[in-house]
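Work through these exercises with the structure open beside you. Try each task before you read its solution.

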Amino acid sequence: MAQFPTIQQPVYPFTTKIKDPSLQSEMENGLVVSRVKFTRMPLTFILKWTALPAVDYAALCDFYRKTVYGGSLVFDWYYPTVPDDPYSGQRFSVRFTGGDISFDLSAPGYYSGTLTIQEV
């Protein structure tokens, strides 16, 4: 399986989302009924960079375009090592989600942007 490239760590705040597995319906009398729709609750991670060096940006683009073909293939990604964080250093099998990735040339030799990956 492909590995996420070794590039500069994303900046804080570091966003982690847990998918809500429920299905909810509002009845005519105003009550809401709900049930579990999905058996899994995949995690979604939003990674941000404000000053990603050009060499790291090139490695990320190459990985996105030529290794995993956007969101087509699954790859391994390691959560950053953060003291007292329940996911610290954990390996996740993920894929790119959220459509296109977009980065800006924010300063000579540095890029800023955001991308979204989701656990599979």
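**Exercise 1. A pair of strands**

In which sense do strand 5 and strand 8 pair, and over how many bridges?

*Solution.* Note first that this is a predicted model.
Step 1: Find strand 5 at residues 43–53 and strand 8 at residues 110–119.
Step 2: Compare their directions. The two pair in the antiparallel sense.
Step 3: Count the bridges. There are eight.
Step 4: Pick out one position. Ile46 stands opposite Thr116 in strand 8.

**Exercise 2. The whole sheet**

Work out the strand order of the six-stranded sheet, and find its edge strands.

*Solution.* Step 1: Recall the general rule. Strands of a sheet pair through backbone hydrogen bonds, either parallel or antiparallel.
Step 2: Read across the sheet. The order is 1-6-7-8-5-2. The sheet is open, and its pairing is mixed.
Step 3: Look at the edges. They are strand 1 (2–3) and strand 2 (15–18), and each pairs on one side only.
Step 4: Move inward to strand 6 and strand 7. Four bridges link them in the antiparallel sense. Here Phe75 faces Val94 in strand 7.
Step 5: Go on to strand 7 and strand 8. They run antiparallel too, joined by nine bridges. Phe103 stands opposite Gly113 in strand 8.

**Exercise 3. The helix on the sheet**

Which strands does helix 1 lie across, and at what angle does it run to strand 5?

*Solution.* Step 1: Locate helix 1 at residues 54–67.
Step 2: List the strands. Helix 1 lies across strand 1, strand 5, strand 6 (75–78), strand 7 (91–107) and strand 8.
Step 3: Take the angle. Helix 1 runs at about 140° to strand 5.

**Exercise 4. Two hairpins**

Find the residues with positive phi in the turns of the two hairpins described here.

*Solution.* Step 1: Start with strand 7 and strand 8. Their hairpin has two residues between the strands. Gly109 in this turn has a positive phi of about 85°.
Step 2: Turn to strand 3 (residues 22–26) and strand 4 (residues 32–36). Five bridges join these antiparallel strands. Gln24 stands opposite Ser34 in strand 4.
Step 3: Inspect their turn. Five residues lie between strand 3 and strand 4, and Gly30 in the turn has a positive phi of about 95°.

**Exercise 5. Unusual backbone**

Where is the cis peptide bond from Tyr12 to Pro13, and where is Tyr69?

*Solution.* Step 1: Know the background. Most residues other than glycine have a negative phi, and most peptide bonds are trans.
Step 2: Check the bond from Tyr12 to Pro13. It is cis, with omega near 5°. Pro13 sits in the loop between strand 1 and strand 2.
Step 3: Check Tyr69. Its phi is positive, about 50°, although Tyr69 is not a glycine. Tyr69 belongs to the loop between helix 1 and strand 6.

**Exercise 6. Rings**

Why is the pair of Phe45 and Trp77 called tilted?

*Solution.* Step 1: Search the whole structure. There are 18 aromatic pairs.
Step 2: Examine Phe45 and Trp77. Their ring centres are 4.8 Å apart and their planes stand at 45°, so the pair is tilted.
Step 3: Place both residues. Phe45 is in strand 5 and Trp77 in strand 6, 32 residues apart, so the pair is a link between distant parts of the chain.

**Exercise 7. The largest pocket**

What lines the largest pocket?

*Solution.* Step 1: Note its volume, about 190 Å³.
Step 2: Of its 14 lining residues, the closest to the centre are Phe4, Pro5, Gln9, Trp77 and Tyr78.
Step 3: Sort the lining by class: nine nonpolar, four polar and one charged.
Step 4: Find the main source. Strand 6 gives the largest share, three residues.

How values were computed
Residues numbered from 1 in each chain as written. Predicted model: local features only at pLDDT ≥ 70, side-chain atom pairs only at ≥ 80, totals over all residues. Heavy atoms only, no water. Pairing = 2+ DSSP bridges. Contact = heavy atoms within 4.5 Å. Axes fitted to C-alpha atoms, helices over the stretch in contact; angles between N-to-C directions. 1 Å grid on protein atoms, 1.4 Å probe; cavity = no way out; pocket = protein on both sides within 12 Å on 5 of 7 lines; lining within 4 Å. Points joined across faces, edges and corners; volume = space filled by probe spheres on them. Nonpolar A, V, L, I, M, F, W, Y, C, P; charged D, E, K, R; others polar. Phe/Tyr/Trp six-rings, centres within 6.5 Å; stacked < 30°, edge-to-face > 60°.
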